[in-house]
Amino acid sequence: MKNCYFFNFLLVALVFSNINLKAQNKENDKTRWTPEDIINTEYMRSVSISPNGNMVLWTKNKAVKEKDRFVSDIYLTRLNVKDNDTFKTIQLTNADENDFSPMFSKDGESIYFLSSRDKGKKLWKMSIYGGEPIKVKEFKNGISSLSWQNKNTLLYTSNEGETLYEKELKEKKDNVIVVEDSLHWKPTRVYAYDLKTKTTKRITNNKKPLNSYTVSEDGKWLVYSVSRSRSYASDAQKDPFYFLQNLETNKVIQIIKELEFPSYNFQFSKDNKGFYFVSSEASDPQWNGAGISQLYYYTIATNTYKKVNLKWDLGIGRGFNVVGNDVIVTLANKVYYKLAYYQKNGNSWSKKTIDLDKKNNHTTLLSVANNGTKVAYQYSTASKLPRFYIADISKNKFINEKEIIELNKNLAKKPITKSEVLVWKGYKNEEVTGILYYPENYEVGKKYPLILSIHGGPAGVDTDTWSERWSTYPNILAQRGAFVLKPNYHGSSNHGLSFVESIKGNYYEPELEDITKAIDLLANKGMIDTNQLGTMGWSNGAILTTMLTVRYPDMFKFAAPGAGDVNWTSDYGTCRFGVSFDQSYFGGAPWDDLNGKFYNENYIIKSPLFEIEKIKTPTIIFHGSEDRAVPRDQGWEYYRGLQQVGKTPVKFLWFPGQPHGLGKITHQLRKMNEELAWIDTYLFNKPSTKNETFKKDSPFAQLLKIEKVNITKNGNFGKVFNSTLIPETVSVKKDSIEIGRFEVTNAQFKAFNPEFNFEAGMDNYPVVTTKEDALKYVKWLSNLTGKKYRLPTSEEGKNLHKLAHKAAAKENTLNYWAGYPITIDEISEFNKKVQELKSHLFKKVGKNKATKVGDAEIYDLGGNVAEYFDDGIYGYSAYDFYDVNNNDLITSKYVGIRVIKE
């Protein structure tokens, strides 16, 4: 059985064409979560269902290391072709470019999409049956936001092209930016492209940039929004104007004038008589402050709109999907999302519950078919990987549910940490929720470290859905032995209007009380060690992390804030939305005269910078150089303050070219790896022992490995058994056959045959012998040790040769001595030169990098001397030509022995 195991193992190695299989240690154990696992998690995105309901079109991101970025590929799933328990899925594009915004043609026979290929200004088309994409048209002024007006007409957004002003600046290479230059504010508009006549037509005539548009199913109506102020992103003044355009008459009217908050996500009902949209409500509409989202319906005939009574106090959580004239709304439900079906009855709606059994509260809608008959959705929990389903819609019921495709098969093999929804009393004794992840192999009664992973916003939310990414990765932290808590502190969304507004004018106080009370709860339950706490977060999560270390300087062992503020006085003018955000949360502008002072003291009281001398927590700071959401210089102020005070270790990582979120592959991985090293050092007291000057595959590393093998006192490789030198063997796998680490050496062979002689100094060189003596040697070795030693079997030898062929390119063969990529036609001439050599071409065993097969590291498999197996020779000697184009067994004059031990 052991012999069979070894042979099968070699076959597996060959199938995967990987001689460098990883050792099964903790560092590279396939069950361990890694940063690479997190950033490469797979999701279905940009999902759409074909007109006939038989296909699903979607995209999936992939990492392109050469370009250091993520791109999306387009996939097509055929719902009428089964593939095991799911459906047949075809990858339609596989370039190193970003292929995005795919959409079916009206007849469902073609797919149109946009791409970053060819400068990203072309419309592409391909058949649903595959084949290469073809260019439909190049749009020199760009193309985005595709929609069908009818079967032959595509709507899109673009602009009129460069103005003379822009051309002259370009010619002068003048890249000076005039901030908020309203005189040269270029409008984007809606255009139509006719696929038949190949002509383009301008649809809208707005004078300022268009924000978004939606066209009705019958192609008659267009609703769009237009910006009004260059400073709107910062101060939220002058909300967009909204227009309704009759595409048959081109009549345009302004609509939705009375609502105090911006409106968005316009979707027409199937009868084309109106459209749904979303707007918010809150107590401070002047600044578009955080609130809750509500659903509205606009009736075209009367030019009126009405709020849809959701019969739900928490508002919309994650948008809505139109089903005919009805609508499915994803309602906010604290730490969950709840689906509800609203049937339109004239000018009112009746609410019906959508019951998905175990998937209730954990389902995210991805797409509803245009005819309202099918729905695609994602199901996950905080401790269950996303799964993707298709179902038929029957009013408020999803029936005939089937899984579309199984993604993340590699991650499904890993242990996933337990999670639960945690509920506790926080600020003002009000209910607070969060997600608690348990440490790996949790034992009741044992206390563990706790890491806070705090979400941004502040009006963000952590729900009981799968949420692992570069900014938060509970499974990696849980495998290190810690609890991870994601708290939905006051100010979070999904918990109602009073909850999300509770921190306006009261920033920090409710949130910190919520978080510290959660810590107290877990401590009182005996679950956590309060001497082992850490905190991390991005954006507002970093903001709260920083203030926690100010208010509680002795509480935390580490802090890892990313893209967070420390100085609100400078944030006001430099943050992209600083005016509206800061006015809303700090009760006015910095210069407002408040509380008898000539300034708004909240900007100082609430700024950690002015108390930074209190911080004693080892802190690692992350910030992108192009961040305008939390201005990049906040990171510099933070770092410089801690560095100058000098009370704690501090490290600042600056990511060039990155905005508020990190997009580059290298940056995401660097952030995670640096953060984990910081956590290991200061929370787990396991600082890295890595030597930055040491290269793992360097000659020095090779030397260190060789020094760790069995070597006798007089310097001979091998081990001594009953005063006799024998070869060292290593296990391919636990309880498997062992294989010689090196080829049998001259010194080892002489122990068998005392009359055997070799040149002085060649004790550790491979023996060259006959097949007869090789068989005698393994028989002698078996008798000496009482263990069975043998040569490889025929099948083992042939498979070892295939592995040797893969390794030979970098080992001691005739190719190596040639010093260039010698060809088969040159060998005979080169051998004439070799004959002039007075010495030899052999090397001391172990001079080349080891070949890894399972747990075994074996040397010189691809060179030095060829090796015998039962009825032949495998591998190559230093005098043999390694033919990259032929891996057949060869004959060799220089053959030695590698033993197998059962």
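## The second largest pocket

The second largest pocket has a volume of about 1600 Å³. Its lining holds 44 residues, and those closest to the centre are S48, L146, S147, V368 and N370. Seven strands appear in the list of elements that give two or more residues to this lining: β1 (45–49), β5 (99–104), β9 (144–150), β13 (210–215), β17 (263–268), β21 and β25 (363–368). The structure is a predicted model.

β13 gives the most, with six residues. By class, the lining has 20 nonpolar and 21 polar residues. Three charged residues complete it.

## Strand β21 and its hairpin

β21 also gives two or more residues to the pocket lining. This strand spans residues 316–323 and is mostly covered. Six of its eight residues are buried.

β21 pairs with β22 (residues 326–333) in the antiparallel sense. Five bridges join the two strands. I316 stands opposite L331 in β22. The hairpin has two residues between the strands, and G324 takes a positive phi near 65° there.

## N396 in its loop

N396 lies in the loop between β27 (384–394) and β28 (397–405). Is N396 buried or exposed? N396 is buried, because its relative accessible area is 16%, under the 20% cut-off.

A polar atom of the N396 side chain lies 2.8 Å from the backbone oxygen of T353. T353 is also among the residues that N396 touches, not counting residues up to four places away in sequence. The others are Y341, K352, I354 and D355.

Conventions:
Residues numbered from 1 in each chain as written. Predicted model: local features only at pLDDT ≥ 70, side-chain atom pairs only at ≥ 80, totals over all residues. Heavy atoms only, no water. Buried < 20%, exposed > 50% of the residue type's maximum accessible area, 1.4 Å probe, protein only. Helix = DSSP H or I, 4+ residues; strand = E, 2+ residues; numbered from the N terminus. Pairing = 2+ DSSP bridges. Polar contact = N/O pair within 3.5 Å; in protein donor to acceptor, adjacent residues only side chain to side chain. Contact = heavy atoms within 4.5 Å. 1 Å grid on protein atoms, 1.4 Å probe; cavity = no way out; pocket = protein on both sides within 12 Å on 5 of 7 lines; lining within 4 Å. Points joined across faces, edges and corners; volume = space filled by probe spheres on them. Nonpolar A, V, L, I, M, F, W, Y, C, P; charged D, E, K, R; others polar.
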